[in-house]
Amino acid sequence: MTADPTTADHVTQFRDQGYAVVRGVFSPEEAAVMAAAFERIHERALAGGKSWRDRNIYYCIAEEEGVGPLLRYAQWTAWLEPALERVRRDPRFFDILAPLLGRDIKQIINQLHWKPPGARAEFGFHQDSRSRRPREAFRDLANSYVQSGIAIDPQREENGALMLCPGSHRLGELPFDPERPSMYEALDKADLKKLGVDPESVVTLEMDPGDVALWHVHTLHGSGPNTSRIDRRFYINGYVTAANCDRGEWAFRDGAPCPLEGEQSLVHYEELYSNPGPMFVD
């Protein structure tokens with residue numbers, strides 16, 4: 001799909017198919033600035049040698065045979081990088097989100113994903129609703145939440161691009177095995193059969209730097225290994241209608257961008273105030 005972010009086309013596709021791609025929201029030059037910020041985060045993350053946390057900022061480090069230590073993802077690094085902080089509240093994002101979430105919008109996901117060449121770093125098929133905890137903090141989740149991802153590098157199947165099942169959001173919340181976290185599972189279409197979903201329905205979201213993908217909290221999605229010679233970096237920001245969420249950082253109040261400032265707000269890390277860190281995490 002090709003759409004101007006100020007049109008309603010992405011809204012129609014999001015509601016009908018559970019996802020949309022808005023092309024060229026950010027320029028290649030802007031994507032390059034984000035890539036440079038990713039590089040600085042990557043250096044900082046690997047310097048610790050293993051996963052570590054400082055308040056809501058979290059670096060997930062994994063070891064892969066033949067690849068070595070790699071940064072699977074990092075959370076809330078917008079607190080560290082002004083270029084990433086500006087993007088999360090860019091007015092262009094508001095134009096995309098407002099028709100779906102309204103004018104008062106909080107953010108509950110700020111995350112970068114990184115798959116270097118040769119890395120598996122897979123995510124099995126899952127729904128984001130699995131991670132919206134505690135559930136009592138979220139109301140009308142199916143109509144109040146939008147996940148977004150900005151392509152930093154070209155996104156293709158061979159470098160581990162996002163893959164999803166159109167229309168699967170209409171199935172509601174599905175019974176996943178709680179003992180199988182998606183980030184530790186391979187992308188396996190057999191899992192879809194167990195859920196009654198046609199494996200042939202899967203599409204790959206091919207994107208170019210600066211494109212923005214949107215997907216529903218119940219849309220089945222995942223990503224495979226990077227078998228290419230280029231990185232696959234993805235900047236994920238998740239937004240929610242403010243009135244329907246008790247957690248998160250403000251992104252827009254009545255349409256006005258809200259910078260990150262002051263004390264960090266409770267999002268997912270339950271011990272934010274009692275054990276803020278910095279600390280290594282086993």
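Mentor: Before we start, one idea for reading the labels: helices and strands are DSSP runs, numbered from the N terminus. One more thing to keep in mind is that this is a predicted model.

Trainee: Okay, so where is R55 in those terms?

Mentor: R55 has its place in the loop between β2 (52-54) and β3 (57-64). At 35% relative accessibility, R55 counts as partly exposed.

Trainee: How many helices and strands does the protein have?

Mentor: The secondary structure comes to six helices and 15 strands.

Trainee: And how do I read the overall build? What is the radius of gyration of the protein?

Mentor: The protein has 18 Å, and a compact globule with 282 residues would have a radius near 19 Å, so the two agree. Along the principal axes, the C-alpha trace spans about 45 × 45 × 40 Å. Buried residues make up 55% of the 282 residues. As for the surface, the protein exposes about 12200 Å², with carbon and sulfur atoms supplying 49% of it.

Trainee: What share of the contacts join residues at least 24 apart?

Mentor: Take the contacts between residues at least 6 apart in sequence: 80% of them join residues at least 24 apart.

Trainee: Back to backbone angles. Which sign of phi do most residues other than glycine have?

Mentor: Most of them have a negative phi, and most peptide bonds are trans. Now look at R55: its phi is positive, about 55°, although R55 is not a glycine. D140 is another residue other than glycine with a positive phi, near 50°. You'll find D140 in the loop between β6 and α5, and at 44% relative accessibility it counts as partly exposed.

Trainee: Where are the peptide bonds that are cis?

Mentor: One runs from R133 to P134, with omega near -5°. P134 lies in the loop between β6 (123-126) and α5 (141-144). Another cis bond goes from G277 to P278, with omega near 10°, and P278 has its place in the loop between β14 (256-257) and β15 (279-280).

Trainee: Let's try a helix. What's the general idea about which way residues point?

Mentor: An α-helix has 3.6 residues a turn, so residues three or four places apart point the same way. Helix α4 (residues 91-101) is a good one to practise on: F93, F94, I96, L97, L100 and L101 are buried there. Try colouring them in the structure.

Trainee: And what sits at the two ends of α4?

Mentor: At the start, a side-chain oxygen of D90 reaches to within 2.8 Å of the backbone nitrogen of R92. After α4 comes G102, whose phi is positive, near 95°.

Trainee: Now the rings. What describes a pair of aromatic rings?

Mentor: You give the distance of the centres and the angle of the planes. Centres within 6.5 Å make a pair, and planes over 60 degrees apart count as edge-to-face. By this rule the count comes to eight aromatic pairs. F38 and Y235 form one that is edge-to-face, at 6.0 Å centre to centre and 90° between the planes. F38 lies in helix α2 (residues 28-47) and Y235 in strand β12 (residues 232-241), so the pair ties together parts that are 197 residues apart in sequence.

Trainee: Are F38 and Y235 buried or exposed?

Mentor: F38 counts as buried, at 0% relative accessibility, and Y235 is buried with a relative accessible area of 0%. Elsewhere, F26, F93 and Y239 form one aromatic cluster.

Trainee: Which charged residues lie over rings?

Mentor: R53 lies over the face of Y269, at 4.0 Å from the ring centre. The charged end of R233 sits over the ring of W114, 5.1 Å from the centre.

Trainee: Last one: which residues does L80 touch?

Mentor: Leaving out residues up to four places away in sequence, L80 touches I41, R44, I57 and Y59. L80 has its place in the loop between β4 (68-75) and α3 (82-88), and it is partly exposed at 28% relative accessible area. E81 lies in the loop between β4 and α3 as well, but E81 is buried, with a relative accessible area of 9%. With the same neighbours in sequence left out, E81 touches A37, R40 and I41.

Terms used
Residues are numbered from 1 along each chain as its sequence is written. This is a predicted model: local features need pLDDT of at least 70, side-chain atom pairs count only at pLDDT 80 or more; totals for chains, interfaces and linings use all residues. Side-chain values use heavy atoms; hydrogens and water are left out. Rings of Phe, Tyr and Trp (its six-membered ring) pair if their centres lie within 6.5 Å; planes under 30 degrees apart count as stacked, over 60 as edge-to-face and the rest as tilted. Helices (H or I, at least four residues) and strands (E, at least two) are DSSP runs, numbered from the N terminus. Buried means under 20% relative accessible area, exposed over 50%, partly exposed in between (1.4 Å probe, protein chains only). A charge sits over a ring if NZ of Lys or CZ of Arg is within 6 Å of the ring centre and within 35 degrees of the ring normal. A polar contact is a pair of N or O atoms within 3.5 Å; within protein, one must be able to donate a hydrogen and the other to accept it, and residues adjacent in sequence count only if both atoms are side-chain atoms. The radius of gyration is taken over C-alpha atoms; the globule rule is 2.2 Å times the number of residues to the power 0.38. Contact means heavy atoms within 4.5 Å. Accessible areas come from the Shrake-Rupley method with a 1.4 Å probe; for residues, only the protein chains shown count as cover.
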